[in-house]
Amino acid sequence: MLQRCIACEATYPLDQVCYTCAACGGLLEVRLGAERFADPRFEGRGVWRYASMLPGGDGERVSLREGDTGLYRCDRLGAALGVKNLYIKNEGDNPTGSFKDRGMTVGVTWARRLGFKTVACASTGNTSASMAAFAARAGMRAIVLIPDGKIAMGKLAQAIVHGAEVVRIRGDFDDAMRLVRELSEADGAIYLLNSINPFRLEGQKTLAFEVVDSLGAPPDAVIAPMGNAGNISAIWKGFTELECARRIERLPRMIGAQAEHAAPIVRYLRESTQECRVANAETLATAIRIGAPVNWPKAVAAIRDSGGEANLVTDDEIIAAQRRLAREEGLFVEPASAAPIAYLARYGVTAETVVCVCTGHGLKDPDAVLRMPADTKVAEPTMASLRAALEA
Ligand code: F0G
């Protein structure tokens, strides 16, 4: 295994700490040696079931039983949205309630192996919650930078309770990301665990492995919300590795959903803008409120190479999709996670089997629900008043 630049193909040893290519500044990825693809053996449960395809799988692991999340078949919603076989991969089932745990178990395991005692990230919420938990598990110091006032309460509570040092940046996620990169590059004792770190994405690719394990074959399309754009890239990498290992014979189309006013990748693909960036990104799906996604070259490659697409959905469509999934299928996901359902409702997808990646649990952001028009009722503590309220 080694690290390789996706732009100029320069290579680096696995244990060299570098977040981007020293030669050209490109993004790095972990490349498995050919022997890994010969006959991969998958044993046990969760992310580490796939240890033979992961860096750090051979040593002591920092784990909280991540992965092995539910793949829910949703026939009623599928019929309404015109999809024969619709599945939700419910990443809210992870220990801290989001897909980030898949990446953090590998990222923090790797940090410890390299001898780091401090890990850091910028976050719209879930990354910080997950990193804080895994750092606590490993006995490490955690530093998180968050955009002040723009993260969901549940996520902030998680980072605090797990003992992270939380710094509220008076700016947006993109400012926090820039600062934490500078901090970890300047201070050799701090290990950066944003998704620019390719080891984290290795953990996240296991979602693809699980989907294929569950369905016995790849779906025709996968729809994922895009923020910093690491996840869609990681899932695509997982599918391509299974193809290399001859476990699957075809690849799914990768489809990215972004929020209307935080859609740099959609814009980039549509208008061939020079930069993949929008100023002042805004959406109530705060998890994906990102204007300058660091992993955009990987995500664009995943979408193009898979014959996929990316489109935007409005905040209203996201909230409607969140409700619909909760009311018609019993799954409560956070707003960003409902973007793939909103995508299906607005654009449709010509495919028989579709997996929507629902990235985080709905309880992380109760405000998003409680901001909706109130549909609760009030009664005096009497039966008459209760009956009147129920009939109103
Ligand atoms: N959904 C949720 C719930 C997220 O928290 C995120 C990203 C995404 C989707 C997008 O994933 O960045 O890999 O494209 N959250 C990050 C964070 C940015 O800091 O928690 P992505």
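The following exercises, each with a worked solution, concern the predicted model shown above.

Residues are numbered from 1 along each chain as its sequence is written. Local features need pLDDT of at least 70 and side-chain atom pairs count only at pLDDT 80 or more, while totals for chains, interfaces and linings use all residues; side-chain values use heavy atoms, with hydrogens and water left out.

**Exercise 1. Overall form**

Task: Describe the secondary structure, the compactness and the surface of the chain.

Solution.
- Step 1. The chain has 15 helices and 13 strands. Helices (H or I, at least four residues) and strands (E, at least two) are DSSP runs, numbered from the N terminus.
- Step 2. The radius of gyration is 21 Å, close to the 21 Å that the globule rule gives for 392 residues, so the chain is as compact as a globular protein of that length. The radius is taken over C-alpha atoms, and the rule is 2.2 Å times the number of residues to the power 0.38.
- Step 3. The C-alpha trace spans about 75 × 45 × 45 Å along its principal axes.
- Step 4. Of the 392 residues, 58% are buried. Buried means under 20% relative accessible area, exposed over 50%, and partly exposed in between (1.4 Å probe, protein chains only).
- Step 5. The accessible surface comes to about 16300 Å², with 48% of this belonging to carbon and sulfur atoms. Areas come from the Shrake-Rupley method with a 1.4 Å probe; for residues, only the protein chains shown count as cover.
- Step 6. Among contacts (heavy atoms within 4.5 Å) with a separation of 6 or more, 69% join residues 24 or more positions apart.

**Exercise 2. Nonpolar cores**

Task: State which residues have the most contacts inside the largest nonpolar core, and which elements contribute to this core.

Solution.
- Step 1. A nonpolar core is a set of buried Ala, Val, Leu, Ile, Met, Phe, Trp, Tyr and Cys residues joined through side-chain atoms within 4.5 Å.
- Step 2. The largest has 41 residues, and Val108, Val119, Met131 and Tyr191 have the most contacts inside it.
- Step 3. Two or more residues each come from α3 (100-113), β6 (118-122), α4 (126-138), β7 (141-147), α6 (173-186) and β9 (190-192).
- Step 4. Leaving out residues up to four places away in sequence, Val119 touches Ala111, Met131, Ala135, Met140, Arg141, Ala142, Ile143, Tyr191 and Leu193.
- Step 5. Another core, of 36 residues, lies apart from the largest one and includes Val211, Ala229, Tyr268 and Val300.

**Exercise 3. Helix α10 and the loop to α11**

Task: Find the packing partners of α10, then say whether Thr286 and Asn280 are buried or exposed.

Solution.
- Step 1. In α10 (residues 264-271) the buried residues are Pro264, Ile265, Val266 and Tyr268.
- Step 2. These residues pack against β11 (253-259), α11 (296-305) and β12 (309-313).
- Step 3. Ser272 follows α10 and has a positive phi, near 45°.
- Step 4. Thr286, in the loop between α10 and α11, is buried at a relative accessible area of 14%. Beyond residues up to four places away in sequence, Thr286 touches Thr124, Lys150, Ala152 and Asp365.
- Step 5. Asn280 is also placed in the loop between α10 and α11 but is exposed, at 67% relative accessibility. The phi of Asn280 is positive, near 50°.

**Exercise 4. Salt bridges**

Task: For the pairs Asp58–Arg113, Arg141–Glu165 and Arg178–Asp175, give the N to O distance and the location of each partner.

Solution.
- Step 1. A salt bridge is a side-chain nitrogen of Lys or Arg within 4 Å of a carboxyl oxygen of Asp or Glu; the structure holds 27.
- Step 2. In the Asp58–Arg113 pair the closest N and O atoms are 2.8 Å apart. Asp58 lies in the loop between α1 (34-38) and β4 (70-73) and Arg113 in α3, so the bridge ties together parts 55 residues apart in sequence. Asp58 is exposed at 64%, whereas Arg113 is partly exposed at 46%.
- Step 3. Arg141 and Glu165 meet at 2.7 Å, N to O. Arg141 is in β7 and Glu165 in β8 (residues 165-169), so this pair ties together parts 24 residues apart in sequence.
- Step 4. For Arg178 and Asp175 the closest N and O atoms are 3.1 Å apart. Both partners lie in α6, three residues apart, a separation of about one helical turn.
- Step 5. Lys89, Glu91, Arg102 and Glu210 are joined into one network by salt bridges that share partners.
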